[in-house]
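Q: Please take a close look at the ligand site in this model. What surrounds the ligand, and how do the parts around it fit together?

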Amino acid sequence: MLKTDYDVIVVGAGPAGSIAARFAAEQGVSVLMLEKDRDVGYPVRCGEAISKSGVEEFIPSNEKWITSHIDKFSLNSPDGTEAIIEFQDAGYVLERRIFDYELAKTAAAAGAEILTRAYVNGLIIENDKVCGVKYEYRGEKKEIKAKIVIGADGVESRVGRWAGIKTHIHFKDMECCTQVTASNINADSNTLYFYFGQNYAPGGYFWVFPKGKGIANIGLGVSGMVGKKKSALSYLNDFMSENYPTAPILTSIAGGVPSTVTLEKISAPGIMLVGDAARQVNPLSGGGIASGMIGGSIAGRIAGEAIKKNNLNYILTYDKAWHDRLGKRHEIFERIKNGIYNFTDEKFNKIAHSFNKIPKDKRTLGRLFTTALINQPSLLVDVAKVFII
Ligand SMILES: Cc1cc2nc3c(=O)[nH]c(=O)nc-3n(C[C@H](O)[C@H](O)[C@H](O)COP(=O)(O)OP(=O)(O)OC[C@H]3O[C@@H](n4cnc5c(N)ncnc54)[C@H](O)[C@@H]3O)c2cc1C
């Protein structure tokens with residue numbers, strides 16, 4: 001039985017929402033998380049790759065939701081040159097439907113209440129301050145009050161807009177992604193494969209992420225501007241017919257990734273935004289699971305502290321806390337992305353050729369950047385900042 005009001009309501013039970021709910025509940029305040037879908041963690045719209053450190057900041061690694069252990073990146077240039085970078089314990093390809101579910105369980109264990117099939121369709125706003133949500137549950141319209149609402153409602157977020165926060169994103173910054181999960185795929189299950197260039201994914205990259213032996217998430221993201229001319233799906237179909245014409249397709253998805261800097265404002269009286277809703281995705285990689293969890297943890301902690309301090313204005317410190325932890329870094333990543341994604345096919349080829357001349361044991365991500373820089377010196381300052389800041 002739900003209460004009539006809560007200290008904190010979280011809208012959306014993705015990774016960012018579950019971690020926000022958990023970190024708020026850990027402060028001993030009352031938390032309710034509302035999810036529109038029937039199941040937490042499903043449907044999945046994700047390539048499911050994440051670094052080990054990104055996971056372990058929040059939950060111990062568990063084979064229950066790991067499908068592949070990754071220790072190699074294979075970067076493929078347009079002329080077919082493969083540059084391999086080896087890492088120890090780089091990360092995983094997840095089974096997100098289990099991973100997201102487990103994250104929600106950690107929120108519940110911390111004391112958060114969770115309700116699925118609860119579709120939030122508006123906010124309660126009084127005196128310019130958000131103080132609750134309107135939602136629909138099994139055909140019934142309901143309202144529930146909260147001192148703080150955390151919008152974790154993903155890329156298509158409306159919570160921020162309802163609260164009057166500017167959430168507009170330029171078409172060019174929205175990566176249009178499409179992906180299939182296919183079987184009978186002949187790929188090393190410890191390697192993430194990336195393909196660059198005009199034939200694969202102009203203004204983005206193409207990926208093959210193994211999900212255990214013989215199964216892989218195969219997809220791509222292209223800038224919204226490119227997608228207008230040739231759809232991401234056409235690029236995917238071309239790749240599949242050329243490389244895996246008979247591979248059975250287990251799932252097929254499409255979705256957007258906001259590959260840009262964080263929104264200018266991610267908190268306002270009574271409201272905070274986390275994860276894709278706040279545009280907390282890493283603009284260079286397009287990965288948003290780990291950064292969304294980091295955003296969620298900061299917002300959840302600050303929300304809990306604001307309640308305990310009895311000072312709701314304290315939530316406005318969230319913008320700076322996020323900016324100091326990752327937002328600033330994402331601004332640099334965005335500049336690097338704009339440089340790299342404008343590379344011509346010839347430039348990608350040249351980088352791969354130069355990189356492969358480096359002795360095998362010295363081929364690191366840092367050396368790859370250095371090689372890219374020789375070809376694009378103007379990126380030097382931005383890359384230097386990533387390692388210094
Ligand atoms: C094709 C594709 C591939 C990707 N690959 C990767 C990858 O390999 N690695 C990576 O790190 N990231 C990847 N991403 C990005 C990643 O999936 C997202 O950044 C991440 O899921 C964001 O987490 P979130 O919690 O902010 O939002 P979500 O995971 O989208 O969760 C939002 C939740 O809110 C719920 N919700 C929405 N509206 C409402 C409402 N009105 N009421 C109640 N509930 C609501 C939704 O049902 C959902 O459960 C990929 C994205 C796409 C599209």
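A: Domain bounds, as used here, come from an automatic or database domain assignment. The model is predicted: local features need pLDDT of at least 70, side-chain atom pairs count only at pLDDT 80 or more, and totals for chains, interfaces and linings use all residues. Residue numbers start from 1 along each chain as its sequence is written.

The assignment splits the chain into domain 1 (5-44 + 97-170 + 260-329), domain 2 (70-92 + 171-258) and domain 3 (337-388). The ligand lies between domain 1 and domain 2, because both give residues to the shell around it. A residue is counted as near the ligand if its C-beta atom, placed from the backbone, lies within 6 Å of it. By that criterion 38 residues surround the ligand, and the closest are Gly12, Gly14, Gly154, Gly275 and Gly288. Two or more residues each come from helix H1 (15-25), strands E3 (49-51), E7 (118-126), E10 (174-182) and E14 (249-258), and helix H7 (289-309). These elements are DSSP runs numbered from the N terminus, with helices (H or I) of at least four residues and strands (E) of at least two.

By class, the shell has 19 nonpolar, 12 polar and seven charged residues. Ala, Val, Leu, Ile, Met, Phe, Trp, Tyr, Cys and Pro count as nonpolar, Asp, Glu, Lys and Arg as charged, and the others, Gly among them, as polar.

The centres of domain 1 and domain 2, taken over C-alpha atoms, are 30 Å apart. Nine residues of domain 1 and 10 residues of domain 2 form their contact, where contact means C-beta atoms, placed from the backbone, within 7 Å. On the domain 1 side there are three nonpolar, four polar and two charged residues.

Helix H7, which contributes to the shell, also packs against helix H8 (residues 318-340): their axes come within 10 Å and cross at roughly 145°. Axes are lines fitted to C-alpha atoms, for helices over the stretch in contact, and angles run from 0 to 180 degrees between N-to-C directions. Ser291, Ile294, Gly295, Ile298, Ala299 and Ile302 of H7 meet Tyr318, Ala321, Trp322, Arg325 and Leu326 of H8. Eight of the residues in this contact are nonpolar, two polar and one charged.

Glycine 151 belongs to strand E9 (residues 140-151). Glycine 151 counts as buried because it has 34 C-beta neighbours inside 10 Å; the cut-off for buried is 20 or more other C-beta atoms within 10 Å, with C-beta atoms placed from the backbone. Leaving out residues up to four places away in sequence, glycine 151 touches Val11, Ser157, Val159, Gly160, Ile271, Leu273 and Ala277.

Notes: Two residues are in contact if their C-beta atoms, placed from the backbone, lie within 7 Å. A residue is buried if 20 or more other C-beta atoms lie within 10 Å of its own, exposed if 12 or fewer, and partly exposed in between; C-beta atoms are placed from the backbone.
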